[in-house]
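Subject: Structure handover

Hello,

Here is the structure you will be working with. Please open it first, then read the notes under it.

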Amino acid sequence: PDSAPSRFDRALLAGWNDRVERGLFRYRLGPLPTRVLPGPVRLVAQLNEQRSAERRPPQPVRSLRDPFDAGAFNFTRLRPAELLLRLRRAGGPGPPPDPLLVAINASPLERGHVLLLPEPARRLPQALTASALRGALEAALLSAHPGFRVGFNGLGGGASVNHLHLHGLYLGHSLPLEAAPAEWLGPRLGLLRAGPAPAFLFFAADPASLEPVSRAVCRAAEHLNGAGLACNVLATRGDPPAGPCSRRGLRVLLWARLPRFGPKAGEPFAVALCELAGLLPLPAAPLYQHITEAQALSVIRQNLLPEPELLRLGGELARLLES
């Protein structure tokens, strides 16, 4: 927690603040009212009225396999000044890989909220690939901030643009899913019940683990897609699956959820990776002031699988990853 910012942090935040001063965001993000909802899950509620009112409307999604649409907004249309960094892995055999681009999210959730764009010129749809996830996990390890997390919203799981991208953001709050122990489903897969929604847990103990973990998560995500399910992914620094330990690594959480295409009438907030992880960006002051943990969990859990189906799916994934 007392680490000095890394070179990555300094470059990202200096560039982000510069773009604020240059007026490249849809709104100027001030201090966000934040409170922890009373209750055992410890949900973190945050009021962000500007994002709800001023963000670009999400693209309509019709299926889990929508193709890339060159006529819709995509990240080849970013203004050059919106790009902050190009990350390129050094060394290794063969030609150097394409860079991972880091750009501002013009409708930010938090200070430092960025988009991680793997090979945007290839115009890939929003389906997670192992190389894209590995790049995002490496970006997470470039930060010295314990609250820098990276994540992915799939089609039907809250993705607002059908062009391959992940999110990176600094969160100033610890979350129960960083340290809570998991139930083992197989040698490489756990089930984590901490937080508002159970998730499948993968763990990278060191940089050498990033490649196999990335492949395993994407195999699992492809299996979900084939079963007609949407997914969300979050990577955070955390303890091994067995629980608190002096040697932390990266916890990668995969949520299997019912796909949702378009807003649901009467739903007080949309459910994507932040909400599944326990952070609730809320669009209106009355909702922020009065929502209870029980009400928030009711909204989140409408998107989840019944427990018997989740456990059956966990068995399938454990067998898949060992095959």
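How many nonpolar, polar and charged residues are in the lining of the second largest pocket? The lining has eleven nonpolar, three polar and nine charged residues. Please keep in mind throughout that this is a predicted model.

The second largest pocket

This pocket holds about 530 Å³ of space. It is lined by 23 residues, and those closest to its centre are L87, R88, R89, L100 and E138. Three elements each supply at least two residues of the lining: helix α1 (7-21), strand β3 (83-87) and helix α3 (130-142). Of the elements, α3 gives the most, with seven residues.

Helices α3 and α4

Helix α3 also packs against another helix, α4 (residues 210-226), with contacts between the two. The axes of α3 and α4 come within 8 Å and cross at roughly 130 degrees. That angle makes α3 oblique to α4, because angles over 115 degrees and up to 145 fall outside the ranges for parallel, perpendicular and antiparallel. The crossing is right-handed. On the α3 side, the residues in contact are A130, L133, R134, L137, E138 and L141. On the α4 side, they are L210, E211, S214, R215, V217 and C218. Sorted by class, this contact has seven nonpolar, one polar and four charged residues. Note that E138 appears twice in these notes: E138 is among the residues closest to the centre of the second largest pocket, and E138 is also part of the contact with α4.

Helices α4 and α8

Helix α4 has a contact with α8 (residues 307-322) as well. Here the axes come within 10 Å and cross at roughly 135 degrees. The two helices are therefore oblique to each other. As α4 passes α8, the crossing is right-handed. From α4, the residues A216, R219, A220, H223 and L224 take part. They meet L313, E316, L317, L320 and L321 in α8. By class, the contact of α4 with α8 has seven nonpolar, one polar and two charged residues.

Cavities

Rolling a probe the size of a water molecule over the atoms shows where empty space is left. How many cavities of 30 Å³ or more does a search of the whole structure find? The search finds two.

The largest cavity has about 40 Å³ of space. Its lining is made up of L169, L171, L175, L234, L273, C274, A277 and L279. Helix α5 (residues 273-277) contributes the largest share of that lining, three residues. All eight lining residues are nonpolar, with no polar and no charged residues.

The second largest cavity has about 30 Å³ of space. P198, A256, L304, L305 and L310 line this cavity. Its lining divides into five nonpolar, no polar and no charged residues.

To put the linings side by side: the largest cavity has no charged residues in its lining, and the second largest cavity has none either, whereas the lining of the second largest pocket has nine.

Regards

Technical notes:
Residues are numbered from 1 along each chain as its sequence is written. This is a predicted model: local features need pLDDT of at least 70, side-chain atom pairs count only at pLDDT 80 or more; totals for chains, interfaces and linings use all residues. Side-chain values use heavy atoms; hydrogens and water are left out. On a 1 Å grid over the protein atoms alone, a cavity is a set of points where a 1.4 Å probe fits but cannot get out, and a pocket is an open set with protein on both sides within 12 Å along at least five of seven lines; lining residues have an atom within 4 Å of a point. Grid points are joined across faces, edges and corners, and a volume is the space filled by probe spheres set on the points. Helices (H or I, at least four residues) and strands (E, at least two) are DSSP runs, numbered from the N terminus. Ala, Val, Leu, Ile, Met, Phe, Trp, Tyr, Cys and Pro count as nonpolar, Asp, Glu, Lys and Arg as charged, and the others, Gly among them, as polar. Axes are lines fitted to C-alpha atoms, for helices over the stretch in contact, and angles run from 0 to 180 degrees between N-to-C directions. Angles under 35 degrees count as roughly parallel, over 145 as roughly antiparallel, 65 to 115 as roughly perpendicular and the rest as oblique. A crossing is left-handed if the near helix is turned anticlockwise from the far one by less than a right angle, and right-handed if clockwise. Contact means heavy atoms within 4.5 Å.
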